[in-house]
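Biologist: I'm new to this one and would like a hand reading it. Could we look at the picture together?

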Amino acid sequence: MRSGHEALRRGRWSEPGRIYLLTFTTARRQPHFFVWSVASDAARLMAGSQLWRKNRLLAWVLMPDHWHGLVELGDDMALADCAGRLKGASARHLRQRHPALGGIWAPGYHDHALRKEEDLLPVARYLVMNPVRAGLVSKPGNYPFWGAVWLE
């Protein structure tokens with residue numbers, strides 16, 4: 001019998017070309033990314049195109065204790081593999097650069113497949129407004145750890 005995150009994923013599949021809102025949290029919800037050097041190292045790596053292969057990162061935000069991203073899934077890997085690759089590579093990198101951190105990511109992730117009728121830009125705006133809603137900044141442009149393809 002499966003339990004936890006694995007049980008929630010039973011019967012689910014990834015659809016190439018679909019856009020997913022992907023979220024994962026830090027281990028024990030530790031605010032690792034409240035520290036500038038840790039957050040900037042993580043953001044630089046996680047936004048870098050080499051990790052994404054045929055997938056496309058449309059928008060993202062790195063909060064002190066979690067990460068959100070809008071990901072358009074390519075045809076070369078399942079969403080679970082995409083999340084695992086991102087979490088694994090970033091954890092290895094951060095443990096090398098900041099060994100005192102300990103565990104970086106909690107197990108599992110949350111995803112929401114956007115329906116065809118959902119408008120992408122309001123979802124992206126909602127995502128990048130996270131730092132404002134959390135009281136970290138007064139407007140999204142004041143928060144340094146986010147990005148969106150529409151700005152590039």
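**Reading the salt bridges and the fold**

Modeller: Let's start with Glu 72, which is partly exposed because its relative accessibility is 25%. Keep in mind that this is a predicted model.

Biologist: Which side chain does Glu 72 meet in a salt bridge?

Modeller: Look for an acid oxygen within 4 Å of a Lys or Arg side-chain nitrogen. Here the partner is Arg 56, at 3.6 Å from N to O. That pair ties together distant parts of the chain, since Glu 72 is in strand β3 and Arg 56 in strand β2, 16 residues apart. Arg 56 is partly exposed too, with a relative accessible area of 43%.

Biologist: How many salt bridges does the structure hold?

Modeller: There are 7. One of them joins Asp 76 to Arg 53, with the closest N and O atoms 3.1 Å apart. Asp 76 is in the loop between β3 and α3, while Arg 53 is in the loop between α2 and β2.

Biologist: Is Asp 41 buried or exposed?

Modeller: Buried means under 20% relative accessible area. Asp 41 has 4%, so the residue counts as buried. You'll find Asp 41 in helix α2, residues 36-47. The side chain of Asp 41 makes a polar contact of 2.9 Å with that of Arg 97. Beyond its close sequence neighbours, within four places, Asp 41 also touches His 93, Leu 94 and His 98.

Biologist: Why does the span of helix α3 agree with its number of residues?

Modeller: You count 1.5 Å a residue, so the 19 residues of α3 (79-97) should span 27 Å, and the end C-alpha atoms are indeed 27 Å apart.

Biologist: What do the buried residues of α3 pack against?

Modeller: First, the general idea: an α-helix has 3.6 residues a turn, so residues three or four places apart point the same way. In α3, the buried residues include Leu 79, Cys 82, Ala 83, Leu 86 and Ser 90. The buried residues of this helix pack against β1, α2, β3 and β4.

Biologist: In what order do the strands of the open sheet run?

Modeller: Follow the pairing from one strand to the next: the 5 strands go β4-β1-β3-β2-β5, with antiparallel pairing. β4 and β5 are the edge strands, each pairing on one side only. Further in, β1 and β3 pair over 7 bridges, and Leu 21 has Leu 70 in β3 as its bridge partner. Helix α2 lies across β1, β2 and β3, and runs at about 170° to β2.

Definitions and conventions:
Residues are numbered from 1 along each chain as its sequence is written. This is a predicted model: local features need pLDDT of at least 70, side-chain atom pairs count only at pLDDT 80 or more; totals for chains, interfaces and linings use all residues. Side-chain values use heavy atoms; hydrogens and water are left out. Helices (H or I, at least four residues) and strands (E, at least two) are DSSP runs, numbered from the N terminus. Buried means under 20% relative accessible area, exposed over 50%, partly exposed in between (1.4 Å probe, protein chains only). A polar contact is a pair of N or O atoms within 3.5 Å; within protein, one must be able to donate a hydrogen and the other to accept it, and residues adjacent in sequence count only if both atoms are side-chain atoms. Contact means heavy atoms within 4.5 Å. The expected span of a helix is 1.5 Å times one less than its number of residues. Two strands pair if DSSP finds at least two bridges between them. Axes are lines fitted to C-alpha atoms, for helices over the stretch in contact, and angles run from 0 to 180 degrees between N-to-C directions.
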